[in-house]
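I am opening a notebook page on aromatic side chains, and I want to look up how their rings are placed. The entries follow the structure.

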Amino acid sequence: MKLPEKYLIAGMLALASMALFANEPKPGALGTYSVAKTLNVGGEGRWDYVIINPQTQLLYVPRQSHTQVIKADTGEVVADLKDTPGVHGVALALDAGRGFASNGQGNSVTVFDLKTNKELGNIPAGQKPDCIIYDPGSKKVLAFCGKSDEITVIDPAADPATEKPQSIKLDGAPEFAASDGAGHVYVNFEDKDSVAEIDMKTKKQTAVWKIEGGEGPTGLAIDIAHHRVFSGCHNQILAVLDTETGKTIATLPIGRGVDACGFDPVTGEAFASCGDGTLTVARETSPGKFEVTQTVKTKNGARTMALDPTTHTIYLPTAEFPEAGGRAGGRPTPKAGTFEIVVVKRAGVLKPLN
């Protein structure tokens, strides 16, 4: 994803302020998060959205022209989809036993078997498919196309050779999305500083909500039980919106260069991963009041993440960068062969939400 010029991460190669790196949680937090280990993976290409299959403990990592399948415990690459041009993300339709990779440069979606990791074919999509998710409510795979302002709707069980996907037109440029599993999908409009609601029964955009105080929204996560979405914005804000009213109910400070958000439904904690090497942890500490409970020091460039809700572990891909220069596509070019995954785990007694 190429960010608007005003949001380029100018400080990617410098450490963030020490004040952001306080690892002690505030009173009432459920536990302390810290880096447990780093998985050395290697391989060529930058990266984007990463996702984990909790059933198999496999990570799916887009690498610009190919997509790696990696063991989450060791970092071993067990498969590599070689032909995914400009890949941005992977969606997992576990009930169909298939994975789907969004090829931003190919205007297509690659379908592959989750057991064998073999490619099954390609499905045409809109222009520059970026974020891709599986919506369990409609049982469809949704590829969000940033250049044509639309969603490509795919039947995950269909034959890729004959599938003719539907399209949902949008009123803005989609960035990341989240599903409530009950007929509604929410998506950030990065160019309009807003969140849109999609009705998957009618396959239409039904609302657009302005993010009050947030600019350039990218990462998005959802708290289904409490009807809230968490939108990570490039003006260093994590915005909390009520999906029943569309109102912005809180804004919280985060680091620079956010690109992904997550939500753990067991602990009630929201996360924002930032390219300046920080992971913000936030939660509702009292009714209607949200606070940052911890800021974890990760590593420069660790701007996207995968959250495993079964182990409460967070995986953040990054790499080493040169001290100066070497920019490509709006971001510093990583050193060849240094790709790695930072693993963040929580310590302390896990307490279920009230």
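Does Tyr 33 count as buried or exposed? I looked this up first and noted that Tyr 33 counts as buried because its relative accessibility is 1%, where buried means under 20% relative accessible area and exposed over 50%, with partly exposed in between (1.4 Å probe, protein chains only).

I noted that this is a predicted model, in which local features need pLDDT of at least 70 and side-chain atom pairs count only at pLDDT 80 or more, while totals for chains, interfaces and linings use all residues. Residues are numbered from 1 along each chain as its sequence is written, and side-chain values use heavy atoms, with hydrogens and water left out.

Next I looked for ring pairs, taking rings of Phe, Tyr and Trp (its six-membered ring) as paired if their centres lie within 6.5 Å, and calling planes under 30 degrees apart stacked, over 60 edge-to-face and the rest tilted. By this rule I have eight aromatic pairs.

One of them is edge-to-face, because the rings of Tyr 33 and Phe 271 have planes at 80°, with centres 5.5 Å apart. Phe 271 is also buried, at a relative accessible area of 1%.

I then turned to Phe 230 and Phe 263, whose ring planes are at 15° and whose centres are 5.5 Å apart, so I entered this pair as stacked. Phe 230 is buried with a relative accessible area of 4%, and Phe 263 is buried with 12%.

Last, I recorded that Trp 47, Phe 321 and Phe 339 form one aromatic cluster.
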